[in-house]
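The following exercises are meant for a reader who meets this structure for the first time. Each task is followed by a solution in steps.

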Amino acid sequence: LNSYYVFYDVPEYSVWDDWDLCIILDACRPDVLAECASKFEFIPENVPERRSNASQSKQWMERNFTSEYANSLAETIYVSGNPYTSKVDTSRFDAVEEVWSYAWSDKLGTQPPRPLTDRAIDIGRNESPERLLVHYMQPHFPSIPVDLGSQIDINQFGQGGGTDIFPRLRQGELTHNKVWHAYQENCRHVLDDVAVLLQNYDSEKTVITADHGNAFGEKGIYRHPEDVKTKAVRTVPWVETSAVDRETYEPELYD
């Protein structure tokens with residue numbers, strides 16, 4: 001039980017801080033984001049950290065989409081690639097765009113980032129929302145650039161239909177270096193899309209953060225189970241930047 005609890009040296013965040021655009025990178029640790037910084041000018045070498053109030057996506061939604069934040073939710077459009085939006089109350093949002101419901105890739109076993117980028121840009125240009133929340137599925141496994149032979153079954157999402165990456169890591173079938181490399185490349189993959197979004201959306205204050213982190217065996221914890229309070233799972237990045245629509249990209253439209 002003690003392995004589930006640690007002392008934190010970073011403040012807990014409120015995801016409803018002051019921002020125009022908030023980008024959620026699902027299951028993103030600050031250290032993996034820092035390792036990608038050299039390729040992306042909007043990511044600092046020393047990535048600021050905050051503490052999430054949840055350790056799993058559904059739990060994060062349940063704790064942040066409540067009446068306590070009703071005013072913020074009412075002025076926010078939520079563009080989500082995470083299917084847990086079908087299992088929680090999202091009625092307080094101005095609007096919810098469940099991109100996963102029409103753009104999920106069965107071949108990849110996940111929601112690729114580009115359809116979310118397309119919808120976010122289109123919404124920004126045509127609806128001018130007060131606040132836009134964009135929830136990418138990456139760098140959550142499976143890794144798109146590095147195929148480790150494991151996918152998410154959308155038909156069993158939230159019912160044991162996740163990847164088996166971490167059980168295989170725990171059992172020694174996969175090495176830590178191989179899994180971390182796949183995680184890192186998946187982070188770079190989604191950041192390529194974040195870069196497109198930041199050049200095609202107007203936002204004076206943009207925040208790049210995560211719903212939770214990811215444990216790779218720290219204190220005996222793997223992945224990101226519910227109610228875990230280990231630092232590897234609860235510590236998330238909090239990068240503040242801006243975005244300007246330079247019209248460098250024309251988004252694809254979806255039915």
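Helices, of at least four residues, and strands, of at least two, are DSSP runs numbered from the N terminus. The model examined here is a predicted one.

**Exercise 1. Determine where proline 139 and proline 142 are placed, and describe the peptide bond that precedes each.**

Step 1. Proline 139 belongs to the loop between β5 and α6. The bond that joins glutamine 138 to proline 139 is a cis peptide bond, with omega of about 10°.

Step 2. Proline 142 is likewise located in the loop between β5 and α6. Its bond with phenylalanine 141 is cis, and omega is near 10°.

**Exercise 2. Establish the strand order of the sheet and identify its edges.**

Step 1. The sheet is open and consists of 6 strands, arranged as β4-β3-β5-β1-β6-β10 with mixed pairing.

Step 2. At the edges stand β4 (95–98) and β10 (239–243); each has a single partner strand, so one side of each lacks a neighbour in the sheet. From one strand to the next, the twist averages 20°.

Step 3. The partner of β10 can now be examined. Strand β6, residues 203–209, pairs with β10 in the antiparallel sense over 4 bridges. In this pairing, threonine 206 is opposite threonine 241 of β10.

**Exercise 3. Describe how helix α7 is placed against the sheet and against helix α5.**

Step 1. Helix α7 covers residues 176–198 and lies across β1 (21–25), β5 (131–136), β6 and β10. Relative to β1, helix α7 runs at about 170°.

Step 2. Helix α5, residues 114–127, packs with α7 at an angle of about 10°, and the two axes are 10 Å apart. Angles under 35 degrees count as roughly parallel, which makes α5 roughly parallel to α7.

Step 3. On the α5 side, the contact is made by Arg114, Thr117, Ala120 and Ile121; on the α7 side, by Asp193, Val196 and Leu197. Sorted by class, the residues of this contact are 4 nonpolar, 1 polar and 2 charged.

Step 4. The loop between α5 and β5 holds serine 128. Although serine 128 is not a glycine, its phi is positive, about 45°.

**Exercise 4. Characterise the largest pocket by its volume and its lining.**

Step 1. The largest pocket contains about 420 Å³ of space. Its lining comprises 24 residues, of which Tyr84, His140, Gly162, Arg223 and His224 are the closest to the centre.

Step 2. Two elements, α6 (165–170) and β8 (222–223), each contribute at least two lining residues. The largest share, 3 residues, is that of α6.

Step 3. By class, the lining of the largest pocket has 9 nonpolar, 12 polar and 3 charged residues.

**Exercise 5. Relate the second largest pocket to the elements treated in Exercises 2 and 3.**

Step 1. The second largest pocket holds about 200 Å³ of space. Residues that line this pocket include Lys39, Phe40, Glu41 and Phe42, together with Ala195, Leu198, Thr241, Ser242 and Ala243.

Step 2. Helix α7 and strand β10 are the elements that give two or more residues to this lining. Strand β10 provides the largest share, 3 residues.

Step 3. The lining of the second largest pocket divides into 6 nonpolar, 3 polar and 3 charged residues.

Step 4. In conclusion, β10 serves as an edge strand of the sheet and also contributes to the lining of the second largest pocket.

Notes: Residues numbered from 1 in each chain as written. Predicted model: local features only at pLDDT ≥ 70, side-chain atom pairs only at ≥ 80, totals over all residues. Heavy atoms only, no water. Pairing = 2+ DSSP bridges. Axes fitted to C-alpha atoms, helices over the stretch in contact; angles between N-to-C directions. Contact = heavy atoms within 4.5 Å. 1 Å grid on protein atoms, 1.4 Å probe; cavity = no way out; pocket = protein on both sides within 12 Å on 5 of 7 lines; lining within 4 Å. Points joined across faces, edges and corners; volume = space filled by probe spheres on them. Nonpolar A, V, L, I, M, F, W, Y, C, P; charged D, E, K, R; others polar. Parallel < 35°, antiparallel > 145°, perpendicular 65-115°, else oblique.
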